[in-house]
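Thanks for making the time this morning. I would like to take you through one structure, beginning with the chain as a whole and then turning to a single element.

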Amino acid sequence: MVLGLLRTDDLAGGAGSTVEEAMRPGPGTFRPHVPIDEMAEHLVEQDLESVPVTHSDGTLVGMLRREDAVHAAHQQHAHHH
C-alpha cells in the first residue's frame, strides 16, 4: 500500500526524523485502467512530475512520469487522426 512520497529534500529534516515523519502525505493515485490522456492532463494541471499507479487494494504498480504520460498521450492522439 502506498502511504506517501519521500523526496531527497524531505530527508534533510534532521537525523532524528523517521521516514514516516519526513514523507509527504499519501499522493493521489491512479488505477492502471485510467486513459493515458486523462493521466497526462492531471499531471500537467497539478504540476506533478510523477504519480503512483496502484491497484484498488493499494498495491503499487509503478510510477508514471509526466514526461512519459504526455508523450504517450500525444502518440495516441496522432494515431487516431
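What follows is a short look at the overall make-up of the chain and then at its helix H3.

Please keep in mind throughout that this is a predicted model. The protein chain holds three helices and four strands, and if you read along the sequence, these are arranged in the pattern β-α-β-α-β-β-α. Of the 81 residues in the protein chain, 23% are buried, and the chain exposes about 5,900 Å², with carbon and sulfur atoms supplying 53% of that area. As for contacts, if we take those in the protein chain with a separation of 6 or more, 30% of them are between residues 24 or more positions apart.

Let me now turn to H3, which runs over residues 66–80 and so has 15 residues. From its first C-alpha to its last, H3 reaches 21 Å, which is close to the 21 Å expected at 1.5 Å a residue.

Which residues of H3 are buried? They are Arg66, Ala69 and Ala73, and because these cover an arc of only 65° around the axis, they lie on the same side of H3. The general background is that an α-helix has 3.6 residues a turn, so residues three or four places apart point the same way.

On the other side of H3, by contrast, we find Glu67, His71, His74 and His79, which are exposed. And what covers the buried residues of H3? The cover includes helix H2, at 36–45, together with strand S3, at 50–54, and strand S4, at 60–65.

Notes:
Residues are numbered from 1 along each chain as its sequence is written. This is a predicted model: local features need pLDDT of at least 70, side-chain atom pairs count only at pLDDT 80 or more; totals for chains, interfaces and linings use all residues. Side-chain values use heavy atoms; hydrogens and water are left out. Helices (H or I, at least four residues) and strands (E, at least two) are DSSP runs, numbered from the N terminus. The expected span of a helix is 1.5 Å times one less than its number of residues. Buried means under 20% relative accessible area, exposed over 50%, partly exposed in between (1.4 Å probe, protein chains only). The arc is that of the directions from the helix axis to the C-beta atoms. Contact means heavy atoms within 4.5 Å. Accessible areas come from the Shrake-Rupley method with a 1.4 Å probe; for residues, only the protein chains shown count as cover.
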